[in-house]
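Got a model open and wondering where the labels come from? Let's take a few of them and check each against its cut-off.

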Amino acid sequence: MKLRHTLFLSLLPLSCLHASAQTEPNITNWLINTTNVMGRHYVSGNPTPIQDAVLANVQNVKYSTSWVYVTTNGIPSYITGPFLDGNPSVATSQNAIFRFPRVPVQNTGTPTATTGGNIGIFVNGVALFDYRDGASWRFSTNSMAGGPLGGMGDNIWNRDAIVAERLGFDCAKGHPAMGNYHHHQNPSAFSLDIVPISTVCNVYAADGLYAIDSTRHSPLIGLAYDGFPIYGAYGFSNSDGTGGLKRMLSSYQLRGIAVRTHYADGTNVTDGPAVNATYPLGTFREDYEYVAHAEPYYLDVHNGRYCVTPEYPGGTYAYFCTMNANWNSAYPYCVGPTFYGLKSAAKVASISEAVTTYTYLKVAARVYLGGAYDNGTGLMADMLRSSSHVPAAQPYTSLGYTFTGALATSGSIAPGILAYTGSNAIVDWVVLELRNSATPATITASAPALLQRDGDVVAMDGLSVMTFPIPPGSYHVAVRHRNHLATMTATAISLGVNTTTVDMTSTATGTYGTDAQNTIGTVRTLWNGDVNFDGAAKYTGSGNDRDPILTTVGGTTPNNSVVGYQAGDINLDGSVKYTGSGNDRDPILINVGSTTPNNVRNAQIP
């Protein structure tokens, strides 16, 4: 699942060290406008959008030791409007700088209630509001007052904006308040719901921030004002990242009341209207009560839980934008009615401390591992994944590899990622390197990555392209695998903030050295057989790669096989075999030359 209008999205794990600050999701996961995309809006009666002279999404991200600063106009790249309830406002630039804590902190005291106005922002810089629209019941006049209605209500029975203002939401489920365009709810378009409850998209189409996908963990879509992340509706069933995917469920339910005289906790309050056709249950926030559940996919009183996510494989507190089985928004929608953490984020007029500007580049590399590649399907086998042998942590540090510009701790994934199937299923871990254009033996940056069956090298969420927190420029791109020979582009390639595809499966892509990859049919694959990870495939002689296979299965039991995540499993079928059908010894001989067993095939990489 990918965010819509993804001008920039990287999903990288958390590190709390300043040296690796640019791998923190609250720094890296903003939709930064790198192509000068402008906002657009509809006018009622005209299905042709009008171009606005204001930059969409986020303009830049900066950070200090303690804070992250996000500069945005608050305008999305998807089309806003019209607002069919007569709202005269249009989305206008907020020219805002939002400051968030780099390390959010749980509030162990009295929870802070959400308020009207901004309580967070989405990754595109658009504001998040809570459930309310500012209107509440006024007992003295026996009517609604406040908010868009004017006057002042009692603030005892507070109206739910999602219910009351549905006609005022555009296709993307947003609307402006005095020009401040915002969402109260999951920012996926009405038309993308299973059962749409608004027809506005029929004429004024927009696709919202992202498309809901029940087969993937929802993306990180925003930060609340306490600094904790906000996700869409789908997460891992169990909080430890296992159990498959599950729609996260609100623990709030409508109360069984006919009159509005008391709160759910029994407090006697000023009366509201009776429950009737004009004011049915759900009209007011106080119509709900919180009921705790034992199941881990029911959320807490803040509409979140502590859990593993793709961006936080070590766990984090996270809010989820709840919805029902038809994908219609469900109270309390995203955050609230209280924050989990200490509310410390704010809109600031300027940045008054030394900061670093987040810089980055993106590369979409593709590579095939010869041991797993099937020429018939055009995909690699994912038997390591299907047999639960792919480790949650990257294996390369333990093999002696030292990452440049990335911590080994950044190479871990949530267990649920390995449950994904199909062409995007994970085959194994690889290393992606960017090397100096003038001296390609110099590694400028390297990072652990995941390899999908279709050859895509992706980030820790199992889907997104790799993002490196280094300046754009020209780099050689190299890929390593633990028992295949590494390969590198012959020339330096210009990489920038917009994704550059480097397809090392294509015979048209030049590679460094001679015979750097094997050709199978019309594609290229990495040579397998480097069992001892020394950059060479050897069948005989000192340091050969055949003997470790025999040692693994047992020197006196060569017909044995050993299952698991093993270096000697060069065909990546989940077992090591020295003899018999599908053994791991013969491919080494074939790759060095069956008539020249003393030959050595070296990785063509400086």
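Q: In what sense do β23 and β33 pair, and what makes them count as paired?
A: This is a predicted model, and in it β23 and β33 (residues 500–503) run parallel, joined by four bridges. The cut-off for pairing is at least two bridges, so four bridges make β23 and β33 a pair. One contact to look at is V363, whose bridge partner in β33 is T500.

Q: Which sense does the pairing of β23 with β29 have, and what makes it a pairing?
A: Antiparallel: three bridges join β23 to β29 (residues 466–468). With at least two needed, three bridges are enough for β23 and β29 to count as paired. Here L361 has F468 as its bridge partner in β29.

Q: Why is β23 called largely enclosed by the rest of the structure?
A: Buried means under 20% relative accessible area, and six of the six residues of β23 (residues 361–366) are buried, so the strand is largely enclosed by the rest of the structure. Both faces are covered, too: L361, V363 and A365 are buried on one side, and K362, A364 and R366 are buried on the other.

Q: How do you know that M178 is exposed, and what is unusual about its phi?
A: The cut-off for exposed is over 50%. M178 has 81% relative accessibility, so it counts as exposed. Most residues other than glycine have a negative phi, yet M178 has a positive one of about 55°. You'll find M178 in the loop between β11 and β12 (180–183).

Q: Where does F533 lie, and what is its phi?
A: F533 sits in the loop between β35 (523–525) and β36 (536–538). F533 is not a glycine, but its phi is positive, at about 55°.

Q: Which residues do the cis peptide bonds join, and where are the prolines?
A: Most peptide bonds are trans. One cis bond joins G81 and P82, with omega about -10°, and P82 is in the loop between β4 (67–72) and β5 (96–101). The bond from G336 to P337 is cis as well, with omega near 10°; P337 belongs to the loop between β20 (316–320) and β21 (346–348).

Q: What makes β11 and β19 edge strands?
A: Look at the strand order: the open, mixed sheet of eight strands reads β11-β12-β7-β6-β13-β14-β20-β19. β11 (174–177) and β19 (304–307) each have a single partner strand, so one side of each is left without a neighbour in the sheet. Inside that order, β13 (residues 220–224) and β14 (residues 229–231) are antiparallel over three bridges, and G222 has I230 as its bridge partner.

Q: Which residues touch the most other members of the largest nonpolar core?
A: That core has 58 residues, and W30, V61, F100, L209, I230, Y319 and V335 touch the most other members. At least two core residues come from each of β3 (58–63), β4, β5, β6 (120–122), β13, β14 and β20. There's also a second, separate core of 51 residues, with L369, A372, I417 and V430 among them.

Q: Which strands does β30 pair with, and how do you know that they pair?
A: β30 (residues 473–481) is antiparallel to β26 (residues 426–436) over six bridges, to β32 (residues 493–495) over three, and to β31 (residues 484–488) over three. Against the cut-off of at least two bridges, these are pairings. Among the contacts, L432 has V479 as its bridge partner, G473 stands opposite L495, and A478 has M488. The hairpin from β30 to β31 goes through two residues.

Conventions. Residues are numbered from 1 along each chain as its sequence is written. This is a predicted model: local features need pLDDT of at least 70, side-chain atom pairs count only at pLDDT 80 or more; totals for chains, interfaces and linings use all residues. Side-chain values use heavy atoms; hydrogens and water are left out. Buried means under 20% relative accessible area, exposed over 50%, partly exposed in between (1.4 Å probe, protein chains only). A nonpolar core is a set of buried Ala, Val, Leu, Ile, Met, Phe, Trp, Tyr and Cys residues joined through side-chain atoms within 4.5 Å.
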